Amino acid sequence: MGYMTEADPDFERRLLALLTQGSCWIKLSGAYRVAKHKPLSSVAPWGRALVAARPDRLIWGSDWPHLPDGQRDTGEIVNLLADWAPDAEDRRVILVDGPERLFFS
């Protein structure tokens, strides 16, 4: 998710512009890194915005079992995808088509 920080209030807009242009790939599963000490729901608008912009340039890859914050529930992190990408086709693109293109094309 670009590892955005609150120190750069314009980061979200700039990263979304790169994504929209197709100039980058983003791994969505790092929500716990962005939320840090906040609930994972705090990054839901950002996750939805990324999916709405370019699901074909997003991938999902778990850091399990190496989560830096051992208090986070891996299942809770995985469940975010259904909320951010409610459309089954978008989830297929993120989970299957995107990684295939990124790593094997």
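**Getting to know the fold by asking why**

Guide: Let's start with Ser29, which sits in the loop between β1 (26-27) and α2 (31-35). Keep in mind that this is a predicted model.

Visitor: Okay, a serine in a loop. Is Ser29 buried or exposed, and how do you know?

Guide: Its relative accessible area comes to 4%. The cut-off for buried is under 20%, so Ser29 counts as buried.

Visitor: What does Ser29 have around it, leaving aside its neighbours within four places in sequence?

Guide: Ser29 is in contact with Trp60, Gly61, Ser62 and Ile77. With Gly61 there's a polar link too: the side chain of Ser29 reaches the backbone oxygen of Gly61 at 2.4 Å. A polar contact needs N or O atoms within 3.5 Å, so 2.4 Å fits that limit.

Visitor: How far is Ser29 from Val78, C-alpha to C-alpha?

Guide: The two C-alpha atoms are separated by 7.4 Å, although these positions lie 49 residues apart along the chain count. Val78 belongs to helix α4.

Visitor: And what makes Val78 partly exposed?

Guide: Its relative accessibility is 43%. Partly exposed covers the range between the 20% and 50% limits, so Val78 lands in that class.

Visitor: Let's zoom out. Which elements does the chain have, and in what order?

Guide: There are 5 helices and 2 strands. From the N terminus on, the order is α-β-α-α-β-α-α.

Visitor: How much of the chain counts as buried?

Guide: Of its 105 residues, 36% do. As for the outside, the chain exposes about 6200 Å², and carbon and sulfur atoms supply 56% of that.

Visitor: What share of the contacts with a separation of 6 or more comes from residues 24 or more positions apart?

Guide: That share is 74%.

Visitor: Which residues of the largest nonpolar core touch the most other members?

Guide: Out of 24 residues, those are Leu28, Leu58, Trp60, Trp84 and Ile94. The helices α1 (11-21), α2, α3 (44-53) and α4 (74-84) each supply at least two residues of this core.

Visitor: What does Ile94 touch, not counting residues up to four places away in sequence?

Guide: Ile94 touches Leu28, Val51, Pro55, Leu58, Ile59, Trp60, Leu81, Ala85 and Pro99. Trp60 is a name you've heard before, among the contacts of Ser29.

Visitor: Is there a nonpolar patch on the surface, and what makes it up?

Guide: Leu102, Phe103 and Phe104 form one, with about 360 Å² of accessible area together. Leu102 is part of helix α5 (residues 88-104), and at a relative accessible area of 30% it is partly exposed.

Visitor: On to charges. Why is the pairing of Arg92 and Asp97 called a salt bridge?

Guide: Their side chains meet at 2.3 Å, N to O. The limit for a salt bridge is within 4 Å, so this pair qualifies. Side chains of opposite charge can pair when their charged atoms come close. Arg92 is partly exposed at 36%, and Asp97 is partly exposed at 24%. Elsewhere, salt bridges that share partners join Asp10, Arg13 and Arg14 into one network.

Visitor: How many salt bridges does the structure hold?

Guide: It holds 6. One of them ties Asp10 to Arg13, with the closest N and O atoms 2.8 Å apart. Another joins Asp56 and Arg54, also listed at 2.8 Å.

Visitor: Why do Asp10 and Arg13 get separate labels for exposure?

Guide: Exposed means over 50%. Arg13 has 52% relative accessibility, so it counts as exposed, whereas Asp10 has 32% and counts as partly exposed.

Visitor: Last stop, Ser23. Where is Ser23 found, and what does its side chain meet in a polar contact?

Guide: Ser23 is in the loop between α1 and β1. Its side chain is joined to that of Gln21 by a polar contact of 3.4 Å. The limit is 3.5 Å, so this one fits within it.

Visitor: How do you know that Ser23 and Arg57 are in contact?

Guide: Contact means heavy atoms within 4.5 Å, and by that rule Ser23 touches Leu18 and Arg57, not counting residues up to four places away in sequence. The C-alpha atoms of Ser23 and Arg57 are 8.8 Å apart, with 34 residues of separation in sequence.

Definitions and conventions:
Residues numbered from 1 in each chain as written. Predicted model: local features only at pLDDT ≥ 70, side-chain atom pairs only at ≥ 80, totals over all residues. Heavy atoms only, no water. Helix = DSSP H or I, 4+ residues; strand = E, 2+ residues; numbered from the N terminus. Buried < 20%, exposed > 50% of the residue type's maximum accessible area, 1.4 Å probe, protein only. Polar contact = N/O pair within 3.5 Å; in protein donor to acceptor, adjacent residues only side chain to side chain. Core = buried A, V, L, I, M, F, W, Y, C linked by side-chain atoms within 4.5 Å. Patch = residues over 30% accessible without salt bridge, like charges linked within 9 Å, V, L, I, M, F, W, Y side chains within 5 Å. Areas by Shrake-Rupley, 256 points an atom, 1.4 Å probe, with all protein chains shown as cover.
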